Amino acid sequence: MKTTAVILAAGQGIRMRSGLPKVLHPALGRPMVQYVLDAVSPVSGEKSVLVVGHKADQVKQTLQDRVRYAIQAEQLGTGHAVQQAEDLLKNKSDLILVVYADMPLLRPETLGSLVEAQKTHPGPFTMLTVEVDDPRGFGRIVRNEEGEVQAIVEEADASPEQLAVKELNAGVYCFSAEWMWDALDQIELSPKGEYYLTDLVEIAVSQNLSVQTVSTHEPSELIGVNTRVHLAEAARLLRARINQKWMLSGVTIADPLTTYIEPSVKIAPETTILPGTHLQGDTQIGAQCVLGPNTIVRDSQVGDSCQIEASVVENAILEDHVDIGPFGHLRKGAHLAEGVHMGNFGEVKASYLGPGTKMGHFSYIGDTTTGKNVNIGAGTITCNYDGRQKHKTQIGDEVFLGSDTMLVAPVKLGDKARTGAGAVVTKDVPEKNVVVGAPARSIRVLENEE
Ligand code: UD1
Ligand code: CA
């Protein structure tokens, strides 16, 4: 049976009090609607239809062609929203899975079991319900004495008796398409001036058809984000889920409550993550690393057995056995080869540091390549910018840079060249040359010395 998801994302999300459409508000670095798309995709082989309206262009710009779009020009309610997908889907799908885009915690397993339940159900639809103490503004499920579902009553329209009902409408439904397209036409305007999708329950009941419910064992999964308070709560639960997954796969997380790992990150086993650590974007971490405390790694590749303490690493590559920090900053294009050591207060940008290179204290290295086993003395700076352009610095193997060396780029230092403390290097230094002074002048050439 062909199953297509219709995801509702046209609402403004007034309760967010935001210029950004609600479904684009990020949880752990990605828009909440994206979580819903990811949850739906294993269940339906078809490209989902996203119903957009409020700031539709902004939503489209974010999701591009990951979905098909139906436009709801005026936000006249959830029933009206689903109707906007009719032109795209009528006679093209047997089952329609309707999900609200503000539910980032939904799991594919739950959606799958809902769809499977409807496949064997003689009635027109199956919906997901949850029993919890805090009603969170959800619609209440009304049942008759036989326990059959009779209606969903929205909180705003509920009687005190109905308000006390603990079984709630999650906002996820699987419909027989043929029945649904007809029934949507029969929804009447609510007192609030909306066409409620939830009225389909009463419509089915009036036709003597039965509505089936599937309840979930993990109520947190059904959090609908209506306010920024809910958003923070959803983000915390998503985070806990991700942290748990990594811990079960062999990663030590010393304090999951202060560890922020985005969904796109990958971590090899036997790595330890210390408190206050944020792993973001397209990041891969190798095995046996120790990250943190207080480290941010964003869009970077980190090899095995690396240590990064209290540092920020962005768009960088670290090969194996690299150690950084405390207080290092790797910026875009930093590539640290095996065994590089970078101590406190270093910054590296668009540079390759060769294997075994040491940079202990207070240095800036930009637009530079170094050979292997280079010693970068405390306070070394590559002066790569002349006010107009960036220039390159090339440093050979086993070069020794004295403390406070200024390398005025463009400049090259041959293998085993050395600079004295405070040298200002404005001209290329041939191999094995030792230079001192400001600007540095040659004083001698190494002979038969290592
Ligand atoms: C809805 C349900 C409620 C359920 C709750 C679960 C209805 C009438 N109510 O209430 O029973 O318990 O979800 O979270 O369905 N949307 C549109 N177009 C519209 C209106 C809404 O696309 O005209 C979209 C919104 O962008 C949102 C979703 O539908 O993603 C749900 O709308 P929302 O206003 O959040 O509904 P709730 O009041 O939470
Ligand atoms: Ca909602």
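The largest nonpolar core of this predicted model holds 69 residues. Leu97, Phe125, Met180 and Leu200 touch the most other members of that core. Take Met180. Setting aside neighbours within four places in sequence, Met180 is in contact with Val82, Ile96, Val98, Phe175 and Leu200. Leu200 thus appears twice: as a contact of Met180 and among the residues that touch the most other core members. Apart from this core lies another, of 55 residues. Its members include Leu28, Ile253, Val297 and Val313.

Next, the metal site. The calcium ion (ligand 2) has two protein donors, Asp102 (OD) and Asn226 (OD1). They lie 2.4 to 2.5 Å from the ion. The pair links distant parts of the chain, 124 residues apart. Asp102 is in the loop between strand 6 (95-100) and helix 5 (108-119). Asn226 is in the loop between strand 11 (211-215) and helix 9 (228-248). Are these donors buried or exposed? Asp102 counts as buried because its relative accessibility is 12%, and buried means under 20%. Asn226 has a relative accessible area of 11%, so Asn226 is buried as well.

Now the surface. Phe327, Phe345 and Phe362 make a nonpolar patch of about 330 Å² there. Phe327 sits in the loop between strand 24 (323-324) and strand 25 (329-330). How does Phe327 count in terms of accessibility? Phe327 counts as partly exposed, because its relative accessibility is 46%. That class runs between the buried limit of 20% and the exposed limit of 50%.

How values were computed
Residues are numbered from 1 along each chain as its sequence is written. Chains are lettered from A and ligands numbered from 1 in the order in which they are written. This is a predicted model: local features need pLDDT of at least 70, side-chain atom pairs count only at pLDDT 80 or more; totals for chains, interfaces and linings use all residues. Side-chain values use heavy atoms; hydrogens and water are left out. Patches are made of residues with over 30% relative accessible area and no salt bridge: like charges are joined within 9 Å, nonpolar side chains (Val, Leu, Ile, Met, Phe, Trp, Tyr) within 5 Å. Accessible areas come from the Shrake-Rupley method with a 1.4 Å probe; for residues, only the protein chains shown count as cover. A salt bridge is a side-chain nitrogen of Lys or Arg within 4 Å of a carboxyl oxygen of Asp or Glu. Helices (H or I, at least four residues) and strands (E, at least two) are DSSP runs, numbered from the N terminus. Buried means under 20% relative accessible area, exposed over 50%, partly exposed in between (1.4 Å probe, protein chains only). Donors are N, O and S atoms within 2.8 Å of the metal (3.2 Å for Na, K and Ca); water is not among the atoms, so sites may look incomplete. A nonpolar core is a set of buried Ala, Val, Leu, Ile, Met, Phe, Trp, Tyr and Cys residues joined through side-chain atoms within 4.5 Å. Contact means heavy atoms within 4.5 Å.
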